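Here's a protein to look around in. Get the viewer open and follow along, one stop at a time.

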Amino acid sequence: MNLKLLLIGCLSTAFCFSQNRKETKRYTLDVSQYYGSVLLHNPDISHLITNHPGGIILGYNRKTYGDEEWQQLYNYPDTGFSFVYQNMNNSTLGENFGLYAHYNFYFFKRNLQFRLGQGIAYNTNPFDKNENFRNNAYGSHFLSSTYLMLNYNKENIFKGLGLKAGISLIHYSNANVTAPNTSTNTMALNVGLTYDLDGGEEMEYIRTEKLKVSEPIKLNLAFRSGINESDVVDSGQYAFYIFSAYADKRFTRRSALQLGTDVYFSNFLKELIRYQSVAFPEYGVQPDDDYKRVGVFLGHELFINKMSVIAQLGYYVYYPFDFEGKVYNRIGLKRYFSDKVYGAITLKSHGAKAEAVEFGVGIRL
């Protein structure tokens, strides 16, 4: 599961902390306990929702003060790393241990904090067709994981100590790298403490004039690849290849709109077509049906430092084999290595049903 380790590596490179001023190196710690419920996003996991999961979230945060323009644009967010432990309180599901890179964004005079974390988790009791066949949520030990926190956050109440409380959403999935992969989403209430390692010393935020961005329409060429498996257990993991071309127009320092096309060569569909043609003749699938797909999409790119967040909604215009419907979506991260060259990690899915984690490279001309 080295793909998951690469995910953390890519995220970690995003946190390019400024070295311009020694006094801006300020760090905080936080710890929260949470307790909640697994959401029934898919009826196939109803047999697994038997108790309330709980756990702890530990965070290590680096404050920003506006040394770089992006920090001012996003109201001086924190960058950091976190650890999440979750006991599913269900012997079939086991326990999850996760490591994440995260951002903390602030609103309402910095009293409201929104955290977005992405990383990898280890599950202690994944699916096994002989020993644990009931666990259709987690098909592997290593899982990709995303968590969100929305908290009332009051720092430095007494000598660097503060409080935070709110709600969290924690998602675990292996993105169909192996089957099964029904995944889980936990909604929880959390409460915890924060501690400023500098004892709550106040520091001044830098504010400079924000320049407008004016760019012509840019052409992007991208290539994505990875491995995945259909929902048929033990059907095998296969490589896929995606070629994309799209135009984007950046209309603010933060945002750009995208319009383009994807061509998919998903080899797992070859095996799924062959399987369905033999096992389910009533479906009318022929073994020589074309596995390729072509889609068009509309997207948005949110620029954050050298990172950006992309979200795309697409529709297949060439769709000879019916797999999960004609509408698809993609969300993920891009990391610019220069003004033109970037890498990307994205999740391609159909609604809430993941198809693959895509690792890509591209050029913006």
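What follows is a short walk from the whole chain down to single residues.

Before we start, keep in mind that this is a predicted model.

**The big picture**

The protein chain splits into domain 1, covering 26-196, and domain 2, covering 216-364. Taken over C-alpha atoms, the centres of the two domains sit 26 Å apart. Where they meet, domain 1 puts in 16 residues and domain 2 puts in 22 residues.

**Inside: the cores**

Now for the greasy insides. The largest nonpolar core is made of 18 residues, and the ones with the most contacts inside it are Val-84, Tyr-138, Tyr-147 and Tyr-172. Strands β1, β6 and β7 (161-173) each supply at least two residues of this core. Which of them gives the largest share? That's β6, with three residues.

Click on Tyr-138 for a moment. Leaving out residues up to four places away in sequence, Tyr-138 touches a whole list of others, including Met-88, Leu-93, Phe-127, Leu-143 and Tyr-172. That list also has Asn-96 and Asn-123 on it, along with Pro-126, Pro-180 and Thr-184.

There's a second, separate core too: it has 14 residues, among them Ala-222, Phe-297, Tyr-328 and Tyr-342.

**Outside: a nonpolar patch**

Nonpolar residues turn up on the surface as well. Val-31, Ile-56, Leu-58, Ile-157, Phe-158, Leu-163 and Leu-193 together make a nonpolar surface patch of about 600 Å². Strands β2 (54-62) and β6 (142-158) are the elements that give two or more residues to this patch. So how does one member, Val-31, count: buried or partly exposed? Val-31 has 36% relative accessibility, so it counts as partly exposed. You'll find Val-31 in strand β1, which runs over residues 27-38.

**Four residues side by side**

Here are four more residues to click on, with how much of each is accessible.

| Residue | Relative accessibility | Counts as |
|---|---|---|
| Thr-92 | 15% | buried |
| Arg-62 | 5% | buried |
| Gly-98 | 1% | buried |
| Phe-280 | 27% | partly exposed |

Let's place them one by one. Thr-92 is in the loop between β3 (78-87) and β4 (95-107). Residues up to four places away in sequence aside, Thr-92 touches Leu-48, Asn-125, Asn-132, Arg-134 and Asn-135.

Arg-62 belongs to strand β2. Why does Arg-62 count as buried? Its relative accessibility is 5%, and buried means under 20%. If you compare Arg-62 with Phe-337, the two are 275 residues apart in sequence, while their C-alpha atoms are 22 Å apart in space.

Gly-98 is part of strand β4. With neighbours within four places in sequence set aside, what is Gly-98 in contact with? The answer is Ser-82, Phe-83, Val-84, Ile-120 and Ala-121. One of those, Val-84, came up earlier among the residues with the most contacts inside the largest nonpolar core. Try tracing from Gly-98 to Met-149 as well: they're 51 residues apart along the chain, and 15 Å separate their C-alpha atoms.

Last up is Phe-280, in the loop between α3 (268-279) and β12 (293-304). How far apart in space are Phe-280 and Asn-156, going C-alpha to C-alpha? They're 64 Å apart, with their positions 124 residues apart in sequence.

Terms used: Residues numbered from 1 in each chain as written. Predicted model: local features only at pLDDT ≥ 70, side-chain atom pairs only at ≥ 80, totals over all residues. Heavy atoms only, no water. Patch = residues over 30% accessible without salt bridge, like charges linked within 9 Å, V, L, I, M, F, W, Y side chains within 5 Å. Areas by Shrake-Rupley, 256 points an atom, 1.4 Å probe, with all protein chains shown as cover. Salt bridge = Lys/Arg side-chain N within 4 Å of Asp/Glu carboxyl O. Helix = DSSP H or I, 4+ residues; strand = E, 2+ residues; numbered from the N terminus. Buried < 20%, exposed > 50% of the residue type's maximum accessible area, 1.4 Å probe, protein only. Core = buried A, V, L, I, M, F, W, Y, C linked by side-chain atoms within 4.5 Å. Contact = heavy atoms within 4.5 Å. Domains from an automatic or database assignment.
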